[in-house]
Amino acid sequence: MEPPVFPFLEHLRRKDDEHLKLLAVFHFVFGGLAILGIGFLVLHYLILNHVMMNPETWKAPGAHPPPRQFFQAFVWFYVIMGTAFLLGGIANILSGIFLRRKRHRTFSLVVAGIDCIQIPFGTVLGIFTIMVLSRESVRQSYANSDP
């Protein structure tokens, strides 16, 4: 006869699997939004470039075009933010894949910690990911799925 503990453990394992699947989906969505943010940066750059570098904009009396260094500072901003969006998006998508496969738990924890900086949605996703991956039952399921 089976001890009464096993049905509870099976229920806990199913809950952990559901939570990991949901977290994986949210990591995919968050990664996709980060990569979509690159499109917003490109659009913003094109608009700013058109406004700043268009001589027609500065023909009004008393209007002086901003110095070229001003626009170059924005170019560095676009490069840095675009790189951050790209790396964050790739990291979240990889984390989603790893969560589904129950692999590389530490990688997902690091990504969750970095996500916590991105207020408000990244913070929520990061905290819930850390909470789920910190459960002893999830740790054991990761250990059991490693080859």
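This passage describes three helices of a predicted model, α2, α3 and α4, and the packing of α2 against α3.

Helix α2 covers residues 68-101. Its 34 residues reach 50 Å from the first C-alpha to the last, close to the 50 Å expected at 1.5 Å a residue. The buried residues of α2 include the aromatic positions Phe71, Tyr78 and Phe98. Gly82, Gly88, Gly89 and Gly96 are also buried in this helix, as are Ala91, Asn92, Ser95 and Leu99. Just after α2, Lys102 adopts a positive phi of about 55°.

Helix α3, residues 105-115, packs with α2 at an angle of about 140°, and the two axes lie 9 Å apart. Angles over 145 degrees would count as roughly antiparallel; α2 and α3 are therefore oblique to each other. The crossing of α2 past α3 is left-handed. On the α2 side, the contact is made by Ala91, Asn92, Leu94, Ser95, Phe98 and Leu99. Phe107, Ser108, Val111 and Asp115 make the contact from α3. Among these contact residues of α2, Ala91, Asn92, Ser95, Phe98 and Leu99 are buried.

Helix α4 comprises the 13 residues 121-133. At 1.5 Å a residue α4 should span 18 Å, and its end C-alpha atoms are 18 Å apart, which agrees. Buried residues in α4 are Gly122, Leu125, Gly126, Thr129, Val132 and Leu133. They cover an arc of only 135° around the axis, which places them on the same side of α4. An α-helix has 3.6 residues a turn, so residues three or four places apart point the same way.

Technical notes
Residues are numbered from 1 along each chain as its sequence is written. This is a predicted model: local features need pLDDT of at least 70, side-chain atom pairs count only at pLDDT 80 or more; totals for chains, interfaces and linings use all residues. Side-chain values use heavy atoms; hydrogens and water are left out. Helices (H or I, at least four residues) and strands (E, at least two) are DSSP runs, numbered from the N terminus. The expected span of a helix is 1.5 Å times one less than its number of residues. Buried means under 20% relative accessible area, exposed over 50%, partly exposed in between (1.4 Å probe, protein chains only). The arc is that of the directions from the helix axis to the C-beta atoms. Axes are lines fitted to C-alpha atoms, for helices over the stretch in contact, and angles run from 0 to 180 degrees between N-to-C directions. Angles under 35 degrees count as roughly parallel, over 145 as roughly antiparallel, 65 to 115 as roughly perpendicular and the rest as oblique. A crossing is left-handed if the near helix is turned anticlockwise from the far one by less than a right angle, and right-handed if clockwise. Contact means heavy atoms within 4.5 Å.
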